[in-house]
Amino acid sequence: MISRPPLISRPLRSMLFSSRLSHTPSPRQIQQQVRLYSERRPRSPTGTFYQTFSRPVAKCLLLALLTYQIAYWGWLKLDQDEQKADLSAQIAKMETQARGLASEMNKSS
């Protein structure tokens, strides 16, 4: 069986990856990072509130809207079914009246 060669040769692989792993930042770079971090202004209470609670509030509002729409759709469907049943009953009643009148007319003629 023929063995496949490695995708990247060993010396090239060590050259590519070892420099990234062994690199440590200098004290000056660390100091600059700390300095940049310490110069940031603190957030306003309003900004902190919206950052903390905007996603949960949005989820609650969307869930409430979805619940309302489902309940409204269900109510409309039940109302339509009730109206159809009422109309079907009224049509059936009128048909029996029409048949009765037609049979009376046939008897009298």
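Which residues does UniProt list for "coiled-coil region"? The unreviewed entry gives residues 77-104, and we will get there partway through this tour. Keep in mind as you click around that this is a predicted model.

**Start with the whole chain**

Colour the protein by secondary structure. You should find three helices and zero strands, running α-α-α from the N terminus on. Now switch on the surface. The accessible area comes to about 11100 Å², and 63% of that belongs to carbon and sulfur atoms. If you colour by burial instead, expect little contrast: of the 109 residues, 0% count as buried.

**Select H3, residues 45-108**

Helix H3 covers residues 45-108. With its 64 residues, H3 reaches 92 Å from its first C-alpha to its last, close to the 94 Å expected at 1.5 Å a residue. Follow the helix axis and pause at Phe53, where H3 has a kink of about 50 degrees. Show the proline Pro56 as well: the kink lies shortly before that residue.

**Select Phe49, Tyr50, Phe53, Val57 and Leu61**

Stay in this part of the model and show these five side chains with their surface. Phe49, Tyr50, Phe53, Val57 and Leu61 form a nonpolar patch on the surface, with about 530 Å² of accessible area together. Phe53 therefore deserves a second look, as it marks the kink in H3 and also belongs to the patch. Next, click on Val57, which has its place in helix H3. Is Val57 buried or exposed? The answer lies in between: Val57 counts as partly exposed because its relative accessibility is 44%, and the limits for that class are 20% and 50%.

**Select residues 77-104**

Here is the stretch that UniProt lists as "coiled-coil region". In the model, residues 77-104 are 100% helix and 0% strand. Draw a distance between the C-alpha atoms at the two ends and you should read 41 Å.

**Zoom in on Lys77 and Asp81**

Finish with a pair of charged side chains. How many salt bridges does the count come to? The count is one, and Asp81 forms it with Lys77, with the closest N and O atoms 3.7 Å apart. Look along the backbone between the two partners: Asp81 and Lys77 are four residues apart in helix H3, so about one helical turn separates them. Both ends of the bridge can be checked on the surface. Asp81 counts as partly exposed at 36% relative accessibility, and Lys77 likewise counts as partly exposed, at 37%.

Conventions
Residues are numbered from 1 along each chain as its sequence is written. This is a predicted model: local features need pLDDT of at least 70, side-chain atom pairs count only at pLDDT 80 or more; totals for chains, interfaces and linings use all residues. Side-chain values use heavy atoms; hydrogens and water are left out. UniProt positions are given in the numbering used here, feature names are shortened, and annotations may be inferred rather than shown by experiment. Buried means under 20% relative accessible area, exposed over 50%, partly exposed in between (1.4 Å probe, protein chains only). Accessible areas come from the Shrake-Rupley method with a 1.4 Å probe; for residues, only the protein chains shown count as cover. Patches are made of residues with over 30% relative accessible area and no salt bridge: like charges are joined within 9 Å, nonpolar side chains (Val, Leu, Ile, Met, Phe, Trp, Tyr) within 5 Å. A salt bridge is a side-chain nitrogen of Lys or Arg within 4 Å of a carboxyl oxygen of Asp or Glu. The expected span of a helix is 1.5 Å times one less than its number of residues. The bend at a residue is the angle between axes fitted to the seven residues ending there and the seven starting there.
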